[in-house]
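Student: I have a structure to look at and would like to know how its labels are justified. Can we go through them one by one?

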Amino acid sequence: MPSNISYGIQQMLAEANAAIKTLSVAEAQELLGRDDVLFVDLRDPRELEREGRIAGAFHCPRGMLEFWIDPASPYAKPQFQQDKTFVFFCAGGLRSALATHLAQRMGLAPVAHVEGGFGAWKKAGAPHEAPLAPPAKKP
């Protein structure tokens, strides 16, 4: 018998979006390059290779976020132990909304996420690094 999902993604996103700060691409661009702000790229490595990246953003695969934030974790990263504003983004803004909500609940502050993610960032013509060239095919 299939599972009866009683708490779905739409409810999770609605709760997250009601509790977190969401930045437009223009608002996020104003923060880019500031010493007191860390952009956190939650996409997986294949997405970075395929789509490019925001220069200076710290890459944290979504699956490691909780472990890298918590200073008590053996995987804690010093980037999350700084007194900064953390701006999360993913490809389209869904993972980053959930991640921002979770990080906020863990006590990381201040946090926000970019509406529409890296896709909206690129579409708006915001500065980014081009994708890596695909490896040359062997004959």
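Student: Which residues in H5 are buried?

Tutor: This is a predicted model. In H5, the buried residues are Ser 96, Ala 97, Ala 99, Thr 100, His 101, Leu 102 and Ala 103. Their cover includes helix H1 (9-19), H4, E4 and E5.

Student: What makes the span of H5 close to the expected one?

Tutor: H5 has 13 residues, and from its first C-alpha to its last it reaches 19 Å. The expected span takes 1.5 Å for one less than the number of residues, and for H5 that gives 18 Å. The two values are close.

Student: Where does helix H5 lie, and at what angle to E5 does it run?

Tutor: Helix H5, residues 94-106, lies across E4 and strand E5 (111-114). Its angle to E5 is about 180°. Angles here run from 0 to 180 degrees between N-to-C directions, so a value of about 180° means that the helix and the strand run in opposite directions.

Student: What is found between H5 and E5?

Tutor: Pro 110 is in the loop between them. A cis peptide bond joins Ala 109 and Pro 110, with omega at about -10°. Just after H5, Gly 107 has a positive phi of about 110°. In general, most peptide bonds are trans, and most residues other than glycine have a negative phi.

Student: Why is Phe 89 called buried?

Tutor: Its relative accessible area is 1%. Buried means under 20%, so Phe 89 qualifies. Phe 89 belongs to strand E4. Leaving out residues up to four places away in sequence, Phe 89 touches several others, among them Phe 39, Val 40, Ile 54, Val 114 and Phe 118. Arg 43 is also on that list; Phe 89 and Arg 43 are 46 residues apart in sequence, with 7.9 Å between their C-alpha atoms.

Student: In what order do the strands stand in the sheet, and which are at the edges?

Tutor: The open sheet has 5 strands in the order E1-E5-E4-E2-E3, with parallel pairing. Strand E1 (22-23) and strand E3 (58-59) are at the edges because each has a single partner strand, which leaves one side of each without a neighbour in the sheet.

Student: How do you know that E2 and E3 pair?

Tutor: Pairing needs at least two bridges. Strand E2, residues 37-41, and E3 have 2 bridges, in the parallel sense, so the requirement is met. Asp 41 has His 59 in E3 as its bridge partner.

Student: Why is Ser 73 called buried, while Pro 127 is called partly exposed?

Tutor: Ser 73 has 13% relative accessibility, which is under 20%, so Ser 73 counts as buried. Pro 127 has 46%, between the limits of 20% and 50%, so Pro 127 counts as partly exposed. Ser 73 is in the loop between helix H4 (65-69) and strand E4 (85-89), whereas Pro 127 is in the segment after helix H6 (117-123).

Student: What do Ser 73 and Pro 127 lie against?

Tutor: A polar atom of the Ser 73 side chain is 2.9 Å from the backbone oxygen of Phe 67. Pro 127 is in contact with Gln 29, Leu 32 and Trp 121, its neighbours within four places in sequence being left aside.

Student: What makes Arg 95 and Glu 47 a salt bridge?

Tutor: Their closest N and O atoms are 2.8 Å apart. The limit is 4 Å, so the pair counts. This pair links distant parts of the chain: Arg 95 is in helix H5 and Glu 47 is in helix H3 (residues 45-51), 48 residues apart. Glu 47 is buried, at 10%, whereas Arg 95 is partly exposed, at 31%.

Student: How many salt bridges does the structure hold, and which residues are joined into one network?

Tutor: The structure holds 7 salt bridges. One of them joins Asp 36 and Arg 34, at 2.7 Å from N to O. Another is formed by Glu 51 and Lys 122, whose closest N and O atoms are 3.4 Å apart. Glu 51 in helix H3 and Lys 122 in helix H6 are 71 residues apart. Through shared partners, salt bridges join Arg 50, Glu 51 and Lys 122 into one network.

Note on methods:
Residues are numbered from 1 along each chain as its sequence is written. This is a predicted model: local features need pLDDT of at least 70, side-chain atom pairs count only at pLDDT 80 or more; totals for chains, interfaces and linings use all residues. Side-chain values use heavy atoms; hydrogens and water are left out. Helices (H or I, at least four residues) and strands (E, at least two) are DSSP runs, numbered from the N terminus. Buried means under 20% relative accessible area, exposed over 50%, partly exposed in between (1.4 Å probe, protein chains only). A polar contact is a pair of N or O atoms within 3.5 Å; within protein, one must be able to donate a hydrogen and the other to accept it, and residues adjacent in sequence count only if both atoms are side-chain atoms. Contact means heavy atoms within 4.5 Å. A salt bridge is a side-chain nitrogen of Lys or Arg within 4 Å of a carboxyl oxygen of Asp or Glu.
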